[in-house]
Amino acid sequence: MDDRFSVLRFASWRIAQICVAAGVAWLIATRVVGHYEPFFAPIAVVLVLGLAIEQRGRRAYEVALGVAIGIAVADLIVLAVGTGTWQLMLVIGLAMSAAILSGGGVLLVNQAAISAVLVATLPAPDLAESTHRFVDALIGGGVALAANAITPVDPVRLVRRYLEPLLGRLSGTLVDIADALEHNSHEEIVAALQRARELDPAVREMKIAVEAGQETISLAPTRRRKRGRVDQLAAAAEPIDLMIRNTRVLARACQRAIDLDEHIPPVVPDSIRDLATAVGRLDAHLGGAPARSATRESALRAAAKATAALEETSNLSVSVIVGQIRSGATDLLLGLGLSSEEALREVRNARDRLGL
């Protein structure tokens, strides 16, 4: 229930925005233009602003245009030949064809078809009402686009909404892997590997949120002052994705070591916990806290300890585990904004630098 209230709080601004924009569109259509019951004005607002967050911005224009095209084509056909099964099929085909000829993408074409179906299944209007429907759709789409440009979502808050829980889950997964190694538990490492695999959908959502945040910056002048923060989050997205992939490989390597009952030096799970700490500190850094140096220190400590483990054993499983820990530390440094050369050099020199 708490999660649902959290989602509602996040969506409350969008809900209020849709309500106000729908009311404005209705008032313009009735009071300014003089239309009676302009059904399609608020409907167009809801269709455009009610998009999933990753479909706002540029794609909102496609929806607005798709609504207008679908309504225009459907009204013309219904006026000419009436309603019925074959008329419905004709309306859908022509609306989609018109949308394609207008140069629209999949979203525009689908929206044109949906709007056409809606019109074709309503009572047949006269010519004046058909014109009103098209104008009402344009009014609603225009109000929605204006509302989206004037009062856009906070791009930093949007990205953080998806990034923060992802990094929290990644840190917890690394702790689970370390615990499984310490306990030499097959069941625990299998569960940790499954948890690592389940991060993939969250990674996709994070990348979509980053794209939406960048799009908001480019389309909304009121949000451009946050370009630096959004660019920082966008630059960190790919290294975080790489680290999650490395974590899956790390979990598989640990499972192999446990299943083969190979010797794992105690410093290895310690280094994985340092990696988990670094992930948490990276999250704090990306959230705006002064945690850059702390993140760097934790990541390098993880790499140094993992390298030291090779002096205690040279079995293949430990070598693979150490390689993945060092790769994870490199990814974290990349997430801080270091170049590939800088990150690799720091990881290679981590043990000498820290004296481990």
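Asp261 lies in the loop between helix H10 (227-259) and H11. Asp261 has a positive phi of about 55°, although it is not a glycine. Its relative accessibility is 58%, so Asp261 counts as exposed. The structure described here is a predicted model.

**Positive phi in loops**

Most residues other than glycine have a negative phi. Asn184 is a residue other than glycine with a positive value, near 50°. Where is Asn184 found? Asn184 sits in the loop between H7 and helix H8 (186-197), and its place is just after H7. Is Asn184 exposed, partly exposed or buried? Its relative accessible area is 40%, and because partly exposed covers the range between under 20% and over 50%, Asn184 is partly exposed.

**Helix H7**

Helix H7 covers residues 155-183, which makes 29 residues. At 1.5 Å a residue, H7 should span 42 Å; the C-alpha atoms at its ends are 43 Å apart, which agrees. There is nevertheless a kink in H7, of about 30°, at Arg161. The proline Pro165 follows shortly after that kink.

**Salt bridges**

The count of salt bridges comes to 12. Three of them are listed here, with the distance from N to O.

| Pair | N to O distance |
|---|---|
| Lys305 and Asp274 | 2.9 Å |
| Glu346 and Arg296 | 2.9 Å |
| Arg296 and Glu297 | 3.5 Å |

Which parts of the chain does the salt bridge between Lys305 and Asp274 link? Lys305 is in helix H12 (residues 292-309) and Asp274 is in helix H11 (residues 267-286). The two residues are 31 residues apart, and the pair links distant parts of the chain. Lys305 is buried, and Asp274 is buried too.

Arg296 takes part in a salt bridge with Glu297 and in another with Glu346. Glu346 lies in helix H14 (residues 340-348) and Arg296 in helix H12, so this pair ties together parts that are 50 residues apart in sequence. Salt bridges can also share partners: Lys207, Glu238, Asp241 and Arg245 are joined in this way into one network. As for Glu297, its relative accessible area is 27%, so this residue is partly exposed.

**Asn315 before helix H13**

Asn315 is placed in the loop between H12 and helix H13 (316-335). Is Asn315 buried or exposed? Its relative accessible area is 15%, and because buried means under 20%, Asn315 is buried. What does the side chain of Asn315 reach? One contact is with the backbone nitrogen of Ser317, at 3.2 Å. Another is with the backbone nitrogen of Val318, at 2.8 Å.

**A nonpolar patch on the surface**

Val81, Trp86, Met89, Leu90 and Leu94 make a nonpolar surface patch of about 460 Å². Which helix gives the most to the nonpolar patch? Helix H4 (residues 85-101) does, with four residues. Trp86 has its place in helix H4. An α-helix has 3.6 residues a turn, so residues three or four places apart point the same way.

Note on methods: Residues are numbered from 1 along each chain as its sequence is written. This is a predicted model: local features need pLDDT of at least 70, side-chain atom pairs count only at pLDDT 80 or more; totals for chains, interfaces and linings use all residues. Side-chain values use heavy atoms; hydrogens and water are left out. A salt bridge is a side-chain nitrogen of Lys or Arg within 4 Å of a carboxyl oxygen of Asp or Glu. Buried means under 20% relative accessible area, exposed over 50%, partly exposed in between (1.4 Å probe, protein chains only). The expected span of a helix is 1.5 Å times one less than its number of residues. The bend at a residue is the angle between axes fitted to the seven residues ending there and the seven starting there. Patches are made of residues with over 30% relative accessible area and no salt bridge: like charges are joined within 9 Å, nonpolar side chains (Val, Leu, Ile, Met, Phe, Trp, Tyr) within 5 Å. Accessible areas come from the Shrake-Rupley method with a 1.4 Å probe; for residues, only the protein chains shown count as cover. A polar contact is a pair of N or O atoms within 3.5 Å; within protein, one must be able to donate a hydrogen and the other to accept it, and residues adjacent in sequence count only if both atoms are side-chain atoms.
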